[in-house]
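Let's take a walk through this model together, starting with one helix and then stepping out to what surrounds it. Keep the 3D view open as you read.

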Amino acid sequence: MNHPNQQLIEHFYTCFKHKDYKGMQACYADNAVFSDPVFQNLNAEQVRAMWEMLLSRAKDFNIEFSEVSADDGHGKAHWDAYYVFSSTGRHVVNRIEASFELADGKIVKHTDKFNFYVWARQALGFSGWLLGWTGYLHQKVREQAMDNLNRFMANK
């Protein structure tokens with residue numbers, strides 16, 4: 001039988017695969033934090049809203065997850081996201097390494113890592129290819145993503 005924290009992570013990604021953002025949200029502790037190359041230092045309310053926003057807007061979306069492991073305090077997983085980036089209509093395959101800090105059967109810290117330049121080339125096309133390696137484009141994408149999240153949360 002798998003460790004309960006491994007089961008938690010597997011449940012999280014199974015919910016993700018089925019676009020069950022409520023199931024994903026329930027996996028986070030009330031003091032949880034989330035970061036990835038686009039969304040940084042989100043609190044629990046923000047990360048819950050982020051998954052709802054992303055899944056409610058997702059087009060041609062699917063994920064596959066593997067290499068899930070966990071112990072009493074930490075976990076990790078690999079996941080691949082397949083979707084159409086809504087701003088450009090371009091197809092994206094994003095390969096992500098996730099790490100977790102876990103306590104009391106909940107996620108308290110979730111960090112996703114992926115190659116921003118690879119993502120930008122797929123999602124943004126020529127401008128991503130040309131500028132995806134720059135801090136300028138990275139910051140613009142972060143700002144736009146946070147603006148979208150703040151508007152989504154304000155309209156809930």
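A good place to begin is helix H4, which spans residues 116-124. Buried in this helix are Phe-116, Trp-119, Ala-120, Gln-122, Ala-123 and Leu-124. Bear in mind that you are looking at a predicted model.

What covers those buried residues of H4? The cover includes two strands, S4 (74-85) and S5 (90-103), together with two helices, H5 (126-131) and H6 (135-154). As for its placement, H4 lies across S4 and S5, and its direction runs at about 140° to S5.

Now look at the two ends of H4. At the N-terminal end, Asn-115 acts as a cap, with a side-chain oxygen 3.0 Å from the backbone nitrogen of Tyr-117. At the other end, Gly-125 comes just after H4 and takes a positive phi of about 70°.

From here, move on to the sheet. Its six strands are arranged in the order S2-S1-S6-S5-S4-S3, forming an open sheet with mixed pairing. Strands S2 (42-43) and S3 (59-70) stand at the edges with a single partner strand each, so one side of each has no neighbour in the sheet.

Within that order, follow S1 (residues 28-35) and S6 (residues 106-113), which pair in the parallel sense over four bridges. Here you can find Tyr-28 standing opposite Ile-107 in S6. Helix H1 (residues 4-17) also packs on the sheet, where it touches S1, S3, S4, S5 and S6. The direction of H1 makes about 175° with that of S3.

Conventions. Residues are numbered from 1 along each chain as its sequence is written. This is a predicted model: local features need pLDDT of at least 70, side-chain atom pairs count only at pLDDT 80 or more; totals for chains, interfaces and linings use all residues. Side-chain values use heavy atoms; hydrogens and water are left out. Buried means under 20% relative accessible area, exposed over 50%, partly exposed in between (1.4 Å probe, protein chains only). Contact means heavy atoms within 4.5 Å. A polar contact is a pair of N or O atoms within 3.5 Å; within protein, one must be able to donate a hydrogen and the other to accept it, and residues adjacent in sequence count only if both atoms are side-chain atoms. Two strands pair if DSSP finds at least two bridges between them. Axes are lines fitted to C-alpha atoms, for helices over the stretch in contact, and angles run from 0 to 180 degrees between N-to-C directions.
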